[in-house]
Amino acid sequence: MNSKIIACFSQLFAADPLVVFAPGRINLIGEHTDYQEGFVFPAAVKQGIWAGITKNELGLCRLYSLDFDQEFSFELDSMSPKKGHWATYVMGICTLFKQAGYRIKEFDLVIGGNLPLGAGLSSSAALSVAVGLGISEAFDLHIPKKDLARYAQKAEQLFAGVNCGIMDPYSSVFGQEGKAMLLDCRSQSHDYLPVKLGEYKLVLVHSKVSHSLAASAYNQRRSACEESVSLLQTTYPELLSLRDLSLTDLPKVKYLLPAGLFPKAKHVISECSRVLEAAKALSRNDLVHLGQLLKASHQSLSQDFEVSCVELDFLAQEVIGMEGVLGARMMGGGFGGCLLGLVKESAWVSIQEKITAAYQKKYLLTPDFIEVAPGGGAQKI
Ligand code: ADP
Ligand code: MG
């Protein structure tokens, strides 16, 4: 991809660019916990977005997306980032950098990647981080890593209209080869844990569906959690977010919350506990327990948090029942996207054949399979 970006850049802009890479991410466990300041357990992957960039003196930023085969240009003084266009992430980052007082000038940019879009691997965060790092490098801004993650998060929130947490850009920035990150979304700090899977590996089964309620449901779930927090604060005055509660609080929480809100709160509270359990299981190489936690996470996301869909539930049920599978769960915001599985390498080919046959029969859809392994974070190539 690096050479493809360079070749394209030279053809379009007759220059040799500086190239940066920012990875997508998986999340082992800890879904819908980040915006309640909870724990998540992501890892950067080897797939991501590459961006080639040079300064220009044209008074105009010229962009090209290899994957969309589309050009776009804008002036730094009159940007209008709109939802739904890839250039929005670029203009969003530029707007935020300018507001923060960074002196940026016009540039040429080519982007391309090998992440599936909208599959839950956070191609959007990878794009924002790649653009942010590219601009920081091209203009010698030395933007600190954590700030890069925060600008990328803000770009999505303010300009792409997704009220996302810090996990996605953070993982893209801080990923390390062979390691997952136990990230505390309150302190925004992390510990690296080696991912040693022996004869097992992490795989994604892409359902090929993305139901349109994803964005609105995401915002509704966020609000439901916030409502629970404010209701619980009368009894727990110190409570700042659901992350402050533990499994032993659940009976009391059940009593205090309306029936519609309790399962949502229960998911966040139990999922935070599963994340910490999973980190312990991985540290002692207990992959069987890790697999059980993945299954419990799916169950909770589907039944309590209600962010799964029939296709993902079907895939999860099929995959979990197969020989050589330790566990699986839906990954990402929900309503489509991918299932993350922990599977035995030797069984992987036959698992793919069986899932494909079953999914085609049931939904007339062919799933995609993506192998993932923890990779390094955003960097200049
Ligand atoms: P996810 O982050 O789960 O992959 P999103 O819907 O949040 O899905 O982000 C996908 C959007 O990010 C795309 O519609 C596009 O605007 C932008 N994007 C992602 N990857 C690329 C790419 N390789 N080239 C251009 N734009 C991209
Ligand atoms: Mg995204």
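# Exercises on a predicted model

Six strands make up an open sheet of mixed pairing, ordered S5-S4-S6-S3-S1-S13. The model is predicted.

## Exercise 1: the sheet edges

Which strands stand at the edges of the sheet, and what does that leave on one side of each?

Solution.
Step 1. Read the strand order: S5-S4-S6-S3-S1-S13.
Step 2. Take the edges. They are strand S5 (70-74) and strand S13 (379-380).
Step 3. Count partners. S5 and S13 each have a single partner strand, so one side of each has no neighbour in the sheet.
Step 4. Look at how S13 is held. Strand S1 (residues 18-27) and S13 run antiparallel and are joined by two bridges. Two strands pair if there are at least two bridges between them.
Step 5. Find a facing pair. Val20 stands opposite Lys380 in S13.

## Exercise 2: Val45 in strand S3

Is Val45 buried or exposed, and which residues is Val45 in contact with beyond its neighbours within four places in sequence?

Solution.
Step 1. Locate the residue. Val45 belongs to strand S3 (residues 42-55).
Step 2. Check accessibility. Val45 has 1% relative accessibility, so it counts as buried. The cut-off is under 20%.
Step 3. List the contacts, leaving aside neighbours within four places in sequence. Val45 touches Pro23, Gly24, Arg25, Ile26, Leu115, Val372, Ala373, Gly375 and Gly376.
Step 4. Compare sequence and space. Val45 and Glu371 are 326 residues apart along the chain, yet 9.5 Å separates their C-alpha atoms.

## Exercise 3: the shell around ligand 1

Which residues come nearest to ligand 1, and which element gives the most to its shell?

Solution.
Step 1. Start with the shell. It holds 18 residues, of which Asp67, Trp86, Gly118, Ser123 and Ser124 come nearest.
Step 2. Sort the shell by type. Nine residues are nonpolar, eight are polar and one is charged.
Step 3. Find the atom pair at Asp67. An N or O atom of the Asp67 side chain lies 2.7 Å from a nitrogen atom of ligand 1.
Step 4. Turn to the serines. An N or O atom in the side chain of Ser123 is 2.6 Å from an oxygen atom of ligand 1. For the side chain of Ser124, the distance from an N or O atom to an oxygen atom of ligand 1 is 2.9 Å.
Step 5. Work out the cover. Ligand 1 exposes 570 Å² when taken alone, and the protein buries 80% of that.
Step 6. Assign the elements. Strand S6 (107-113) and H3 each give two or more residues to the shell around ligand 1. H3 gives the most, with three residues.

## Exercise 4: two positive phi angles

His142 and Gln188 both call for a look at the backbone. Where is each residue placed?

Solution.
Step 1. Take His142. Its phi is positive, about 50°, although His142 is not a glycine.
Step 2. Place His142. It sits in the loop between helix H3 (123-138) and helix H4 (145-160).
Step 3. Check accessibility. His142 is exposed, at a relative accessible area of 66%.
Step 4. Take Gln188. This non-glycine residue also has a positive phi of about 50°.
Step 5. Place Gln188. The loop between strand S7 (179-184) and strand S8 (189-194) holds it.
Step 6. Check accessibility. Gln188 is buried, at a relative accessible area of 17%.

## Exercise 5: Asp304 in helix H9

Which side chain does a polar contact of 3.2 Å join to that of Asp304?

Solution.
Step 1. Locate Asp304. It lies in helix H9 (residues 287-304).
Step 2. Check accessibility. Asp304 is buried, with a relative accessible area of 16%.
Step 3. List contacts beyond four places in sequence. They are Pro263, Lys264, Lys266, His267 and Gln299.
Step 4. Pick the partner. The polar contact joins the side chains of Asp304 and Lys266.

Note on methods. Residues numbered from 1 in each chain as written. Chains lettered and ligands numbered in written order. Predicted model: local features only at pLDDT ≥ 70, side-chain atom pairs only at ≥ 80, totals over all residues. Heavy atoms only, no water. Helix = DSSP H or I, 4+ residues; strand = E, 2+ residues; numbered from the N terminus. Buried < 20%, exposed > 50% of the residue type's maximum accessible area, 1.4 Å probe, protein only. Polar contact = N/O pair within 3.5 Å; in protein donor to acceptor, adjacent residues only side chain to side chain. Contact = heavy atoms within 4.5 Å. Near = heavy atom within 4 Å. Areas by Shrake-Rupley, 256 points an atom, 1.4 Å probe, with all protein chains shown as cover. Nonpolar A, V, L, I, M, F, W, Y, C, P; charged D, E, K, R; others polar.
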